[in-house]
Structures are given as C-alpha cells and as structure tokens.
Amino acid sequence: DNLLSLTAPLRERAVKVLPGGITRSTLFVAPHPPYAVSGDGAWVTDSTGHRVIDCNNNYTSLIHGHNNPEVMAAAAAVMTGGTAFGLPTEAEIDFAELLSQRVGLPSWRFCNSGTEAVMMAVRAARAYTGRDLLVRFEGSYHGTSDAVVASDSPGIPRGLAADVAVLPQADAETFTALMRRRGSDVAAVLIDLMPNRAGLVPATQEFAELVRSETERHGALMIVDEVITLRLGIGGLHQRYGITPDLVTAAKIIGGGFPAGALGGRAEVLEPFNPLGSGRVGWGGTFSANPVTLRAGQRAMELFDAAAIERLNALGDELRQGLVQAGVTATGFGSLTRLHHPQTTGLWWKLYEKGVLAGTNGLIALSTPMDTTDTAHILEAIVSSYKELA
Ligand code: PMP
C-alpha cells in the first residue's frame, strides 16, 4: 500500500498518455507495477528505493543481470563510433558465425525482437515450401504477430484462421491426424519445446521426435522457437533432444540487454531472402543487425559459455528441488522455473514485498551474477509467500 501511494504521482501521469498507464501488456500487474529506476548485477531498485533480486530479468533476456561490465564495455566501444549505419558491418558476420557454431544451423538473419524472428520464420517457411498452412500449439506464446495470436482476439482478421491450425499442446494423436489429413498443405510446424505460457513443462522426447519425423515425411518445415529456451544449452533446448530443426528463432539473451532477434536455418530454407537468388523475399528492418546490439550480444553469449550454462542450470535445478521439498509446485528446466499459484497477482506482490521480482505469471529466471545465497533468499521468499497466501 505504501509502495502504491509512493508511485501514485507517476501512475497518474502515465494513465493520461499511455492506455492503462503502460506500454507492455506482458508486465502489467494490477493495480499497476512499480517503476524501475536502476539495476546492478542481480538487483533492481525501484522509484521508492525498494530493492528486489531480479528473477524476471526482463522476461528472461538479461542472462548476466544488469550492467555487466564486459557487455557494457562492448556496447560502449561501438557507440562512440556510431550506433547504426545504412551499410552492413562486420559485427553481423562475427555474430552469425558464433550463432552458426553454437546452434548448428549455417544461415542467419537478424531482427529486433522475438516477434519479428517468428514472423520471419513463418515467411521463410511459406516462401520456401510454397504452402500457406502454419501449425502451432494452443497456449504457446510466440510474440504478437497475427499468425501466432488466437484468431478470436480482437484485431486479428477472421480470414487468417484458414491458414493457421492450432492444435492441443503435446497431443500426438491430433497432431498425426492433422498431418495425415493436411500434411501436403503444411508450410511449417512451430513449436516451443518448453512453452512458458502453457506451463513451462519440457516436451517429451517422443513428441519432439514425432514433430521432426512428421514434418520431414510431409515436406513441411520444423521451426523451433528458442526465444526463451536458448539459455538452456549451448545452442538451445532442441539440442538436448538430438533433433535438427529447419529453422530456429532466437531473441532475448542474444541482445546483451539491447533489442534483438535472429532467425537461423538451413541455407536453402533462408535462400528466399538472398537478394542475388531467385526467391526474392524482401525484408529490411531499419535497426536490424545494428552493431550496438550485436557487439553487446556477442560478448554476452561468449561469457555464457558451456561452463556458465551448466552452473546456472544446476542452480535452477537446486532451487526447484528446494521448492518441491517445501511443497511448492514448480515446473521448468535448468535456469527457468515456473510457479503455479492460483493467486497470480497476490503472489507477485508478496514476492515483490519480500524483495523478489518475478514474471507476472510466476516465472523465475536466474542470471549468472546469482549464487546459492541468492537462491536461498528466493526460495525463502517463495515459501513464506505461499504460507501467507494459504
Ligand atoms: N517466442 C517466445 C517463446 C517468447 O517467449 C516470446 C516473448 N516472451 C516471443 C517469441 C516474442 O519475443 P519478443 O517479446 O522479443 O517480441
């Protein structure tokens, strides 16, 4: 209550110029979230001076937390020489090489967000296959473009539904039936192997393999959306399943804290974007592949090497074990955990008061500056919040 009254002056100004007082629907929490002022390492300070350990990390994107000196130095080194050019830069070659090596897909294109990466993936798949139908799974979030938002949402053209099939999550039967019936119309199957909004439960090995084999059989592409899950392995979560997708979308951690997105794929699948080729899919993006994002992102990814990934995943596994032992339902994998309390808003505020910034849906994303002291604090805050809400 005290926090709300202290932020009232900002809120009053905000609601006059922003619908509901906020830009990003995804981080709204009733009646209104506090205002961030600064971040350092794993911590964020809000406008009232309250300090919270950051388990939101700008929706999983700040893999090294705030103000990592090496990432900031990489960005600053570029900025003094210009932030964006009407010419390509070497930064985009360097970063594409790094991503190719890590993800195991040879061809890359950069953009500014996960939403754009998914849009570009869908465009690539349709251009490459000459087919229109996109298959995706109910409850998985893939950003805000028309094709991946529920067709009954306001603002989505009704006609769009004809080219998008939305199937129940992880249901082998409906999936195979759809592929049997319409396989030759399918441009791509879009899958998140651990969909946050659908509960943050990893796909089974069988289902991941089924999507791979069915798409291959019918000449459709498999797009794995690794916008959140890239942090779980050196080249993302799909590598743990031993499958090779045709296209992979990335964003969040690859920007080092700056706006970023990328699409990786087999060379021939991305060939439609080749201005010298026959495909001729035009796709610009004034700030796509800007060198500030790319140099910061490259440094962030270099620092997030196999050892760092393993350490952070182990820290997350330990946190989930602690939660389960305390009777708290927690899903996820490695550094990503999701809580499933029915009082989503109540839990968010309880945690915030106790010094923990979570995702508005109960997502807990760890960052490399954290250690076991931090996770002990996080565990304690979650367990005591659950008790108080009971
Ligand atoms: N795909 C997935 C799996 C996501 O979680 C998100 C964002 N949370 C997106 C796509 C969209 O990314 P962005 O918010 O950068 O547009």
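Start with helices α6 and α7, which are roughly parallel to each other because angles under 35 degrees count as roughly parallel, over 145 as roughly antiparallel, 65 to 115 as roughly perpendicular and the rest as oblique. Select residues 172–182 for α6 and residues 205–217 for α7: they pack at an angle of about 0°, with their axes 11 Å apart. Axes here are lines fitted to C-alpha atoms, for helices over the stretch in contact, and angles run from 0 to 180 degrees between N-to-C directions. Helices (H or I, at least four residues) and strands (E, at least two) are DSSP runs, numbered from the N terminus.

Before going further, two notes on the model. It is predicted: local features need pLDDT of at least 70, side-chain atom pairs count only at pLDDT 80 or more, and totals for chains, interfaces and linings use all residues. Residues are numbered from 1 along each chain as its sequence is written.

**The contact of α6 with α7**

Now show side chains. From α6, pick Ala172, Phe175, Thr176 and Met179; in α7 they meet Phe207, Leu210 and Glu214. Contact means that the C-beta atoms of two residues, placed from the backbone, lie within 7 Å. By class, this contact has five nonpolar, one polar and one charged residues. The classes are nonpolar (Ala, Val, Leu, Ile, Met, Phe, Trp, Tyr, Cys and Pro), charged (Asp, Glu, Lys and Arg) and polar (the others, Gly among them).

Stay on α6 and click Arg180, which lies in this helix. Is Arg180 buried or exposed? Arg180 counts as exposed, with 11 C-beta neighbours inside 10 Å. The cut-offs are 20 or more other C-beta atoms within 10 Å for buried, 12 or fewer for exposed, and partly exposed in between, with C-beta atoms placed from the backbone. Then draw a C-alpha to C-alpha distance from Arg180 to His218: they are 8.7 Å apart in space and 38 residues apart in sequence.

**The sheet**

Switch to cartoon and follow the open sheet of seven strands, in the order β4-β10-β9-β8-β7-β5-β6, with mixed pairing. Strands pair if DSSP finds at least two bridges between them. At the edges stand β4 (107–111) and β6 (164–167), each with a single partner strand, so one side of each is left without a neighbour in the sheet. Neighbouring strands are turned by 20° against each other on average, direction ignored.

Zoom in on β9 (residues 247–251) and β10 (residues 261–265), which run antiparallel and are joined by five bridges. One pair to highlight is Ala251 with its bridge partner in β10, Gly261. Next add helix α4 (residues 90–103), which packs on the sheet and touches β4, β9 and β10. The direction of α4 makes about 125° with that of β4. Helix α6 also packs on the sheet, touching β5 (133–137), β6 and β7 (186–191), and its direction makes about 155° with that of β6.

**Backbone stops**

Most residues other than glycine have a negative phi, and most peptide bonds are trans. Select Ala30 and Pro31, joined by a cis peptide bond with omega of about -5°. Pro31 sits in the loop between α1 (2–17) and β1 (36–40).

Then go to helix α2 (residues 57–60), where Asn57 is found. Phi of Asn57 is near 50°, a positive value, and Asn57 counts as buried with 28 C-beta neighbours inside 10 Å. Asn58 lies in α2 as well; its phi is near 45°, and Asn58 is partly exposed, with 17 other C-beta atoms within 10 Å.
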